[in-house]
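Please look over the sequence and the 3D structure shown here. A short briefing by topic follows.

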Amino acid sequence: MQSAPRTAAQGHWVRLEPRSDVLPSNGSAEVRLAALAEHDAHRIRALNTQIEQAIAIRQRNQSGQFSTSVKFSVNAGPGLYIIQLTLGTPPQTFPVIMDTGSQLIWMQCQPCQFCVSQNATLFSPSSSSSYATEPCSSTACASLPRQCSQSNTCQYSYSYASQASTQGQLGTETLTLLSPEGSTSAFPGLVFGCGLNNHGEYGGAAGLVGMGQSSLSLPSQLSSVLGGKKLSYCLLSHATLPSSSSANPSSLVICEAAAESASRMQFTPIVANPAVVASLYYIDVLGFSVNNVRLNIAASTFSIQADGRGGIILDSGTTYTYLPSAAFSVIQQAFDTFVKLPRYSNHPYLPLCYSVQEGQETTAIPPFTVHLQGMDLAVPLDNYFTKVDEQGTYCLAIIPSSGGLQIIGNMLHQHYDVLYDLDNSRIGFLQKLEYTTVSSRQCTFSSF
């Protein structure tokens, strides 16, 4: 990607909002949280399929070393948040899904052979003077399942474990980003998939922006012109999300000046899983505390196994946190020891719930801490207990799993600036204490 003009502390932003098809606009908190749980179930199946296929490829490799073969194309699939992406000359703007679990940037294009419904016109390469096709000899083309056309154009194929897929031609285009002050900056040479044959459910989005660690993701492609491969976001509480996405106070900011908060952050290393393509963000969870009492859970419970299974990831596209049943049982027992409230046992998917009278929440429910390699995350109350109905039922936002991948979901790390410092293989956390509308502060997503 070619360099763009830069100024000190220059920032760029785009809007961040939840997918309307996943989060009902006029539903109660109970309905919205149930919809998010259903989305989680689909995403976790996709993530586990991704890992199992990666392990199978590794086991077939006689050397025992995993190779990012172009035959491997399964990724996590659609996440929860929509951003507005502007491409082309003159600029064309499209709603696309932000996904920290995949790498490719792509959108539906004219002339589309098969396209799913979207809330925008299709991108028109012929209407953009800056569009160019990517040759089969390029490094970008070699990193995807592909074939060559007679004109030496890279024809890519990219599938998701959620049964979604995109096929088309790989191209380059100019990305335009907007600063909070209203100025724009152009970044030529962004590699993306121009999807001509697409399948799946994207909630009206025009495509998907991969935010993983691989070379084709947005933070990787912008790293050379924005001073490094780093990205960060902060997410508002699910409990405070308004009923209309048009009023959502969140925004997504791509900003060179975001590094100023790094000096105040705590960091934990990004852990490599040798069996899985570098899209997922594994972290080293050492254990948990309830009411400042460290629980008796072996750290190996959360470790990546020798075959690549297990381990725990940080994922913005999953709502709840998913832990092994044995670990969940210890956490549940600890809360039952300290919480002197009536249990509510009829919730369909959250096993640990209490009936809480108004005003009791902060005094009756003890603090909860996540112990990570290098730091402790003492999370706010509404990050780990959520109100699920109007009768005052509060449930622990952790769900036991019978096996497979473990996940720290976005609810557990909401109210934090989360910095993915890929250059130094670490993730930073900084708690934000106040959240207001976008007119007075911006809950940010940054790449710099």
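The second largest cavity in this predicted model has a volume of about 40 Å³. The structure holds three cavities of 30 Å³ or more. The points below begin with the lining of the second largest cavity, then turn to the listed active-site residues and to some unusual backbone spots.

**The second largest cavity**

- The lining is made up of Ile283, Leu314, Val370, Leu372, Leu377, Ile408, Leu412 and Phe429.
- What kinds of residue form this lining: nonpolar, polar or charged? Eight are nonpolar, none is polar and none is charged.
- Two of the lining residues, Leu314 and Ile408, sit in strands: E18 covers 312-314, and E27 covers 406-408.
- Ile408 has a further role in this picture, as a contact of aspartate 315.

**The active-site pair**

- An unreviewed UniProt entry lists Asp99 and Asp315 under "active site".
- The two are spread over 217 residues of sequence. In space they cluster, with a largest C-alpha distance of 8.9 Å.
- Aspartate 99 belongs to strand E4, which runs over residues 92-99.
- Aspartate 315 lies in a loop instead, between strand E18 (312-314) and strand E19 (321-324).
- Is aspartate 99 buried or exposed? Aspartate 99 counts as buried because its relative accessibility is 0%, and the cut-off for buried is under 20%.
- Aspartate 315 has a relative accessible area of 2%, so this residue is buried as well.

**Arginine 43, a shared partner**

- Which side chain makes a polar contact with the side chain of aspartate 99? The partner is arginine 43, at 2.8 Å.
- The side chain of aspartate 315 also makes a polar contact with the side chain of arginine 43, at 2.8 Å.
- Aspartate 315 has other contacts beyond its neighbours within four places in sequence. Among them are Leu47, Thr100, Ile407, Gly409, Asn410 and His413.

**Cis peptide bonds**

- Most peptide bonds are trans.
- The bond from threonine 89 to proline 90 is cis, with omega near 0°.
- Proline 90 is in the loop between strand E3 (81-87) and E4. E4 is also the strand that holds aspartate 99.
- Glutamine 110 and proline 111 are joined by a cis peptide bond too, with omega of about -5°.
- Where is proline 111? Look in the loop between strand E5 (105-108) and strand E6 (132-133).

**Positive phi angles**

- Most residues other than glycine have a negative phi.
- Asparagine 292 is not a glycine, yet its phi is positive, about 65°.
- Asparagine 292 sits in the loop between strand E16 (285-290) and strand E17 (293-294).
- The relative accessible area of asparagine 292 is 65%, so this residue is exposed.
- Histidine 415 is not a glycine either, and has a positive phi of about 70°.
- Histidine 415 is found in the loop between strand E27 (406-408) and strand E28 (416-421).
- Is histidine 415 buried or exposed? Histidine 415 counts as buried because its relative accessibility is 11%.

**Two more buried residues**

- Aspartate 421 is part of strand E28.
- Aspartate 421 is buried because its relative accessible area is 1%.
- Setting aside residues up to four places away in sequence, aspartate 421 touches Lys229, Lys230 and Arg426.
- The C-alpha atoms of aspartate 421 and proline 269 are 9.4 Å apart, although 152 residues separate the two along the chain.
- Glutamine 103 lies in the loop between E4 and E5.
- With a relative accessible area of 8%, glutamine 103 is buried.
- Which residues does glutamine 103 touch, not counting those up to four places away in sequence? They are Ser143, Leu144, Tyr158, Gly210, Ser214, Ser215, Leu216, Ser217 and Ser279.

**The whole chain**

- The protein chain contains six helices and 30 strands.
- Of its 448 residues, 58% are buried.
- Take the contacts with a separation of 6 or more: residues 24 or more positions apart account for 73% of them.

Methods: Residues numbered from 1 in each chain as written. Predicted model: local features only at pLDDT ≥ 70, side-chain atom pairs only at ≥ 80, totals over all residues. Heavy atoms only, no water. UniProt positions renumbered as here; feature names shortened; annotations may be inferred. Helix = DSSP H or I, 4+ residues; strand = E, 2+ residues; numbered from the N terminus. Buried < 20%, exposed > 50% of the residue type's maximum accessible area, 1.4 Å probe, protein only. Polar contact = N/O pair within 3.5 Å; in protein donor to acceptor, adjacent residues only side chain to side chain. Contact = heavy atoms within 4.5 Å. 1 Å grid on protein atoms, 1.4 Å probe; cavity = no way out; pocket = protein on both sides within 12 Å on 5 of 7 lines; lining within 4 Å. Points joined across faces, edges and corners; volume = space filled by probe spheres on them. Nonpolar A, V, L, I, M, F, W, Y, C, P; charged D, E, K, R; others polar.
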